[in-house]
Amino acid sequence: MAYRFILFERAQGYASLTLNRPEKLNSFNADMHGEIADAVTKVEGDPAIRALLITGAGRGFCAGQDLSDRVMGPDDAPIDLGDTLGRLYNPLIRRLRALPVPIIAAVNGVAAGAGANFALAADLVLAARSASFIQAFCKLGLVPDAGGTYVLPRRVGHARAMGLALLGDKLGAEQAETWGLIWRCVDDDKLMAEANKLARHFATQPTKGLAAIKRALNASWSNDLDAQLDLERDLQRECGRSNDYREGVRAFIDKRTPQFTGS
Ligand code: LHQ
């Protein structure tokens, strides 16, 4: 599939996906969703891709749904937004969450609406100091989607989640880091170097173990302790059978740097 609205590159054991409609602040349209879905399928199907880096071209990360697709005249029947979520956004968020490699979002500028929650679906969110997050939905009479109502209270607590969702104010990257919404905020000119460094690091790590960590931590939001202990047991059993576990122990004993293959 030829891409028009994203860039997708593979290098050094990881893939980079860049939202590429800078003149519209990389807002989502249906074709862009199709291209992202195709790229995610490539990541899922290629064991040589051991991390995924997501960013935006130009001055913004992503301004959410392209609203110029959504303009209605007074006599038009309402568009079924539930259908848009069910077909496009929800599968995307579910697939990112289930992707068995770490996902890094490098938020280079404003991330608004579904664009903010798309970024927050990554496993590690790095943001440029000048970047911001806006739960813009309330200004349109909508509810935070793309996982927003799930992830916000869990990361920042109920009071701050309510404030962000009901007011739709801009949250700067530094505050987002202080509140625990994102992993780290870095100087603008360091963002891509830091994000690529992280992706390169993950590409040399025990990929199956990292996937298991991602699964376990994500599952912990809805599991009780018993279920989580059982899950840890099952995942550890799988991890203990991996070549990378064998290599990690061997390298420790030999006092050398492990050479993980992701197998
Ligand atoms: C845009 C957009 C945009 C089109 C900037 N669309 N053109 C909704 C419905 C369906 C189902 C799924 O769920 C959703 C979820 C959602 O995502 S709803 C929330 C949608 N997003 C927003 O409400 C954010 C709208 N954008 C803004 O509030 C501002 O653009 C922000 C605060 C993001 C950035 O402000 P500025 O830095 O001042 O940039 P700007 O407003 O001048 O935008 C630059 C251009 O990008 C401009 O085009 P123009 O031709 O005038 O230069 C905007 O019209 C365009 N743009 N967001 N979502």
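**Figure 1. Pro 22 sits in the loop between β2 and α1.** This close-up, like the others here, comes from a predicted model. Pro 22 is partly exposed, its relative accessible area coming out at 36%. Leaving aside residues up to four places away in sequence, Pro 22 touches Ala 57 and Gly 58. For a sense of scale, try Ala 51: from Pro 22 it is 29 residues apart in sequence, and the two C-alpha atoms are 24 Å apart in space.

**Figure 2. Strand β2, residues 14-19, is largely enclosed by the rest of the structure.** The reason is easy to state: six of its six residues are buried, so β2 ends up largely enclosed. Look at how the side chains are shared out. Tyr 14, Ser 16 and Thr 18 point one way from β2, while Ala 15, Leu 17 and Leu 19 point the other way. Buried is the word for every one of these residues, whichever way they point.

**Figure 3. Strands β1 and β2 make a hairpin with two residues between them.** Strand β1 covers residues 6-11 and runs antiparallel to β2, with six bridges joining the pair. You can follow the register from the turn outwards. Ala 11 has Tyr 14 of β2 as its bridge partner, and Ile 6 stands opposite Leu 19 of β2.

**Figure 4. Gln 12, in the loop between β1 and β2, has a positive phi.** The value is about 45 degrees, and that is without being a glycine. Gln 12 belongs to the turn of the β1-β2 hairpin. Gln 12 is exposed, with a relative accessible area of 59%.

**Figure 5. Strand β2 also pairs with β3, this time in the parallel sense.** Strand β3 is made of residues 52-56, and five bridges tie it to β2. One pairing to pick out is Ala 15 of β2, whose bridge partner in β3 is Leu 52. So what sense does the pairing of β1 with β2 take, parallel or antiparallel? Those two strands run antiparallel.

**Figure 6. Six strands line up in an open sheet with mixed pairing.** Reading across, the order is β1-β2-β3-β5-β7-β10. The edges belong to β1 and to β10 (184-186), each of which pairs on one side only. From one strand to the next, the twist averages 20 degrees. As a reminder of what holds such an arrangement together, strands of a sheet pair through backbone hydrogen bonds, either parallel or antiparallel.

**Figure 7. An open sheet of four strands runs in the order β4-β6-β8-β9.** The pairing in this sheet is mixed. Its edge strands are β4 (60-62) and β9 (170-172), and each one pairs on one side only. The twist averages 20 degrees from one strand to the next. Zoom in on the β4 end and you find two bridges joining β4 to β6 (residues 110-112), with the two strands running parallel. There, Gly 60 stands opposite Val 110 in β6.

**Figure 8. Helices α1 and α2 pack with their axes 11 Å apart.** Helix α1 spans residues 30-45 and helix α2 spans residues 81-98, and the angle between them is about 20 degrees. Angles under 35 degrees count as roughly parallel, and α1 and α2 are therefore roughly parallel to each other. The way α1 passes α2 is a left-handed crossing. On the α1 side, the contact is made by Ala 30, His 33, Ile 36, Ala 37, Val 40, Thr 41 and Glu 44. The α2 side brings Leu 88, Tyr 89, Leu 92, Arg 95 and Leu 96. Sorted by class, the contact of α1 with α2 has eight nonpolar, two polar and two charged residues.

**Figure 9. Ala 146 has a positive phi of about 55 degrees.** Ala 146 is not a glycine, which is the point of showing it. You'll find Ala 146 in the loop between β8 (132-134) and α4 (148-156). Is Ala 146 buried or exposed? Ala 146 is buried, with a relative accessible area of 5%.

Note on methods. Residues are numbered from 1 along each chain as its sequence is written. This is a predicted model: local features need pLDDT of at least 70, side-chain atom pairs count only at pLDDT 80 or more; totals for chains, interfaces and linings use all residues. Side-chain values use heavy atoms; hydrogens and water are left out. Axes are lines fitted to C-alpha atoms, for helices over the stretch in contact, and angles run from 0 to 180 degrees between N-to-C directions. Angles under 35 degrees count as roughly parallel, over 145 as roughly antiparallel, 65 to 115 as roughly perpendicular and the rest as oblique. A crossing is left-handed if the near helix is turned anticlockwise from the far one by less than a right angle, and right-handed if clockwise. Contact means heavy atoms within 4.5 Å. Ala, Val, Leu, Ile, Met, Phe, Trp, Tyr, Cys and Pro count as nonpolar, Asp, Glu, Lys and Arg as charged, and the others, Gly among them, as polar. Buried means under 20% relative accessible area, exposed over 50%, partly exposed in between (1.4 Å probe, protein chains only). Two strands pair if DSSP finds at least two bridges between them.
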